[in-house]
Protein chains: 2
Amino acid sequence: MLKDLVVKNRSYRRFYQEVPVSTEDLRSLIDLARNTASSVNSQALRYKLVNTKEENEKVFETLAWAGLLKDWKCPEEGERPSAYIIVMYDLSVGMVKHRDEGIAVQTILLGATEIGLGGCMFGSVNRTKLAESFGIDTDKYEIGLVLALGKPKETVKIVDVPESGSTHYFRDSNGVHYVPKRSLDDIII
Amino acid sequence: MLKDLVVKNRSYRRFYQEVPVSTEDLRSLIDLARNTASSVNSQALRYKLVNTKEENEKVFETLAWAGLLKDWKCPEEGERPSAYIIVMYDLSVGMVKHRDEGIAVQTILLGATEIGLGGCMFGSVNRTKLAESFGIDTDKYEIGLVLALGKPKETVKIVDVPESGSTHYFRDSNGVHYVPKRSLDDIII
């Protein structure tokens with residue numbers, strides 16, 4: 001059932017770095033995104049696939065990890081993503097629509113979950129540095145989100161929003177990551 | 001497989017209007033969206049469920065259908081959606097992020113596809129009129145997309161982009177709807 005995939009598809013930030021993600025798998029995920037809806041069917045999104053040690057390091061350096069976890073800066077060597085997808089807009093199409101990007105990246109991550117992978121979306125990216133590292137022509141492409149991918153090495157649990165109303169995610173002393181979600185009755189109005 | 005759902009989940013614009021969509025089904029779709037990612041886990045999205053004859057008509061009046069089909073204005077009575085979901089941002093959360101909305105609506109539509117429904121996302125909406133009709137306080141909520149839902153009554157096929165490069169969708173004389181999609185090699189750069 002889709003619900004199982006949706007619930008299993010959490011934002012993972014620690015991975016079995018030694019488990020590779022093949023280019024074939026990455027392409028199959030983009031093929032899912034290729035078949036999704038976009039504004040006026042414009043299909044402005046483009047993708048750069050990254051899964052080599054050298055290139056992974058270049059992407060890693062540009063990402064800001066888990067802003068809400070003050071005691072944790074980023075995954076250590078050995079627990080870093082095995083692959084990335086850099087999402088870009090082809091500016092010649094003239095349709096920079098963030099909704100389209102949301103549609104595509106969610107589909108990619110659901111697909112990743114289905115094949116035993118997991119990932120995290122990064123909006124906080126040093127795009128100037130990333131473009132330089134990969135020779136991305138920013139007159140032609142606008143960099144959107146970066147997706148980190150790998151075999152997840154952490155437990156992420158959905159919990160109710162506490163009485164304080166805070167939706168901040170947090171970790172316990174065992175490194176289990178908790179994500180408070182609003183109730184159905186709070187979001188249907 | 002997720003791919004089957006993704007391919008089956010097309011933008012449908014004609015429906016078996018006599019087939020209702022229950023409030024229970026709509027709530028189950030929102031429950032999928034409830035479990036998705038959002039920027040800093042902010043969960044700013046709110047949903048209004050619509051599935052009565054009177055309210056359906058009020059939503060229908062605010063939608064602009066299929067801008068690329070010049071000979072077709074909108075579905076006729078009898079082929080209109082049986083339900084709608086009005087997606088809104090709770091402005092008190094302060095996170096109007098269209099990517100979050102894309103993530104949520106794609107998940108909802110995949111869920112709808114799984115239970116034999118289909119839908120269409122509307123960005124071209126008379127939001128002023130919609131807010132008035134439903135008493136939505138626009139100081140508190142910003143209306144995003146509107147999702148139309150129902151049991152699809154049309155065939156939608158994915159085809160290759162023609163030599164002209166046009167991604168415009170079109171219909172043949174039998175009313176079959178075609179959606180040209182770019183190739184995998186065109187979108188991976």
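This short talk describes the fold of one chain, the relation between two chains, and one pair of packed helices.

Please note that this is a predicted model, in which local features need pLDDT of at least 70, side-chain atom pairs count only at pLDDT 80 or more, and totals for chains, interfaces and linings use all residues. Residues are numbered from 1 along each chain as its sequence is written, and chains are lettered from A.

I begin with chain A. Its secondary structure comes to 6 helices and 7 strands, where helices (H or I, at least four residues) and strands (E, at least two) are DSSP runs numbered from the N terminus. Along the sequence, the pattern reads α-α-β-α-β-α-β-α-β-β-β-β-α. The C-alpha trace of chain A spans about 50 × 45 × 30 Å along its principal axes.

How are the two copies related? Two copies of a chain are related by a rotation about an axis and a shift along it. Here, a turn of 180 degrees and a shift of 0.0 Å along the axis lay chain A on chain B with an RMSD of 0.0 Å, superposed by least squares on the C-alpha atoms of residues with pLDDT of at least 70 in both. That is the relation of a two-fold axis.

Finally, I turn to chain B. Helix 3 (residues 53–60) of chain B and helix 5 (residues 127–134) of chain B pack at about 160 degrees, their axes 9 Å apart; axes are lines fitted to C-alpha atoms, for helices over the stretch in contact (heavy atoms within 4.5 Å), and angles run from 0 to 180 degrees between N-to-C directions. These two helices of chain B are therefore roughly antiparallel (over 145 degrees).

Note on methods
Heavy atoms only, no water. Parallel < 35°, antiparallel > 145°, perpendicular 65-115°, else oblique.
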